[in-house]
Amino acid sequence: MASETVEVPVLIVGGGPAGLTASLLLSRHGVESVLIDKRMTGSPLPRARGVHSRAMEILRVCGVEPDLRAVELPITPGAEWRTDLTGTPLREDVPSAGKSVVSPCEGLSVSQDVFESVLREHASSYSAGQLRTGALLESFQTDDGGVQATVTEQTSGRTTQVRARWMIAADGARSGIRRQLDIAMNGPDDLGRQTMIAFRAELAGLTGAQPRGIYFLTATGAALIWTHADDRWVISQPGPVTGEDPATAVRRVLGLPDLALDVLATNPWTAAAQSAAQYVHGPVFLAGDAAHRFPPAGATGVSAAMHDVHNLAWKIAAAIHGHGGDKLLDSYAAEREPVGRRNADETGTAWSRLFNGDGAPFSGRSLAQLDMGYQYRSSIIAADGSPDADPPGADYQQTATPGCRAPHLWLADGTSTIDLFDHQFVLLTAEPGTTWRDAAAHCPAVPVNSQVLTEPGWPDLYGVAPDGAVLVRPDGHVAWRSRTRSNNPVADLQTALTTSTGG
Ligand SMILES: Cc1cc2nc3c(=O)[nH]c(=O)nc-3n(C[C@H](O)[C@H](O)[C@H](O)COP(=O)(O)OP(=O)(O)OC[C@H]3O[C@@H](n4cnc5c(N)ncnc54)[C@H](O)[C@@H]3O)c2cc1C
């Protein structure tokens, strides 16, 4: 059978949250990509049911948030412990009420299959990003020019040769690409086996019309989660699949022997807390579950997958558009690998506490800190001697310390500072004069969007005097800041831009 040949800058393997977000972001940066996924449709299992604020900020900037809010589940935030579903609450863990003051976006409750279908629709709306479903990565080789991959269309058996400068391995926890590259995973690979059963049943009489985020059922050690508005739920119970009929297992766990239900799927899974020993291998970048596996304590898997490719997409774009230096792409591993390791350690400990300890999920960094407080330290970040912004046990405080997520502030026009960070570097200053803006205009090698912020709270929040300046990367992380006016702003900004683009 004739084989088609395709040349493209980026081949993305995997159409889960990591791959779809990579496609979307690369397209927005004007970079062509081909995404392949061996499945014809998305995962039939609900899997994740939570996306945190930082990932929602990425999707807000990409214009995806309204479509996701339209399909969001109206849960009552928090967790509840009961003996079984018929029991009264033994304990509740309720987050503080009120809107977030550190982000323009609340977290989102939606099951992963619905989340992916919305993402897929947006990713496929860009002509730069080609999505090929039912397309299996059969084999690949790397060489000095990039990657040569053989892709097989599952239905026709037709093969395509894809020649790509870079390949993003977003092929999930069992990544075949990672295995072929012989990259080890560090950390425990078995924190306990679980069996997930998805089912449909009318439970609102016991949970109310807006169920809690999660119910821990202490008699069996199982968890119950509402996944879809049409009465779909999952239980996850400790232990491997047994000979017990799944419907009987659901009734036993819930304490409802006569419950009418339809079992939709059964899926065994093993909790692991691991991070890859290498995130980059030549032209191949590992992202999402291919790079790290977290137990679902805190529900950080999908969000972290998106943070990975958010870090990577602008760097690939800069390399293609000619303003990325040698060290820029190397910084992906330097920045994301420590975050993957940190998240694996924290969620692994939290998982063990949840199932073996006192039930308090996070005794280390708070969930908000895990989600938004990671600080990049690499050769492309101009450290300014500020204290560590992400120490063990930290709770999230917004800070513009270089390497951190640039803080959110509502602007006079009703938008957020977060909305400014899209596909260019942004130079922020409160100085109404022209010094910093002139400096940006004198650095034409890298496109810089300079913004004067007149909001009175901005200098304090960003840790600068009104005549200081902060340079923010396209992924919304602070690259450099000058706390006050500079005697030579052009030279300072030029140096900062050279450093932050890996020159
Ligand atoms: C039971 C369970 C519950 C979970 N709960 C949560 C939660 O509450 N919150 C949370 O954040 N996370 C949760 N997770 C984790 C979450 O599902 C993952 O972190 C997330 O899916 C990772 O996204 P990804 O894109 O990296 O990988 P995946 O979603 O696994 O996507 C990988 C894709 O690669 C494709 N692929 C693989 N090999 C090939 C190949 N050779 N050729 C072509 N395509 C290929 C696959 O078909 C797949 O679509 C849970 C996971 C499980 C199993």
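**Helix packing and the ligand shell**

The crossing of α1 and α8 is right-handed. In this predicted model, the axes of these two helices, α1 and α8, lie 8 Å apart and are inclined to each other at about 30°. Because angles under 35 degrees count as roughly parallel, α1 and α8 are described as roughly parallel to each other.

Two further helix pairs were examined in the same terms. Helix α4, which spans residues 112-123, packs against α1 with the axes 9 Å apart and at an angle of about 20°, which makes α1 roughly parallel to α4. The crossing of α1 and α4 is left-handed, whereas that of α1 and α8 is right-handed. Helix α2, formed by residues 53-61, meets α8 at a crossing angle of roughly 50°, with the two axes coming within 8 Å; α2 and α8 are therefore oblique to each other. The crossing of α2 and α8 is left-handed.

The surroundings of the ligand were considered next. The ligand is surrounded by 30 residues, of which Asp37, Arg47, Gln112, Asp289 and Val302 come nearest. By residue class, the shell around the ligand is made up of 14 nonpolar, nine polar and seven charged residues.

Polar contacts to the ligand involve both backbone and side-chain atoms of the protein, as three examples show. For alanine 18, a backbone N or O atom is found 2.9 Å from an oxygen atom of the ligand, and for arginine 39, a polar side-chain atom lies 2.9 Å from an oxygen atom of the ligand. At leucine 137, a polar backbone atom is placed 2.9 Å from a nitrogen atom of the ligand. The ligand would expose 990 Å² if taken alone, and the protein buries 88% of that area.

With respect to secondary structure, the elements that contribute two or more residues to the shell around the ligand are the helices α1 (17-28) and α8 (301-321) together with the strands β2 (33-37) and β8 (135-143). Strand β8 supplies the largest share of this shell, namely three residues. Both α1 and α8 thus belong to the elements that give two or more residues to the ligand shell, and these helices pack with their axes 8 Å apart.

Terms used:
Residues numbered from 1 in each chain as written. Predicted model: local features only at pLDDT ≥ 70, side-chain atom pairs only at ≥ 80, totals over all residues. Heavy atoms only, no water. Near = heavy atom within 4 Å. Polar contact = N/O pair within 3.5 Å; in protein donor to acceptor, adjacent residues only side chain to side chain. Areas by Shrake-Rupley, 256 points an atom, 1.4 Å probe, with all protein chains shown as cover. Helix = DSSP H or I, 4+ residues; strand = E, 2+ residues; numbered from the N terminus. Nonpolar A, V, L, I, M, F, W, Y, C, P; charged D, E, K, R; others polar. Axes fitted to C-alpha atoms, helices over the stretch in contact; angles between N-to-C directions. Parallel < 35°, antiparallel > 145°, perpendicular 65-115°, else oblique. Left-handed = near helix turned anticlockwise from the far one by under 90°.
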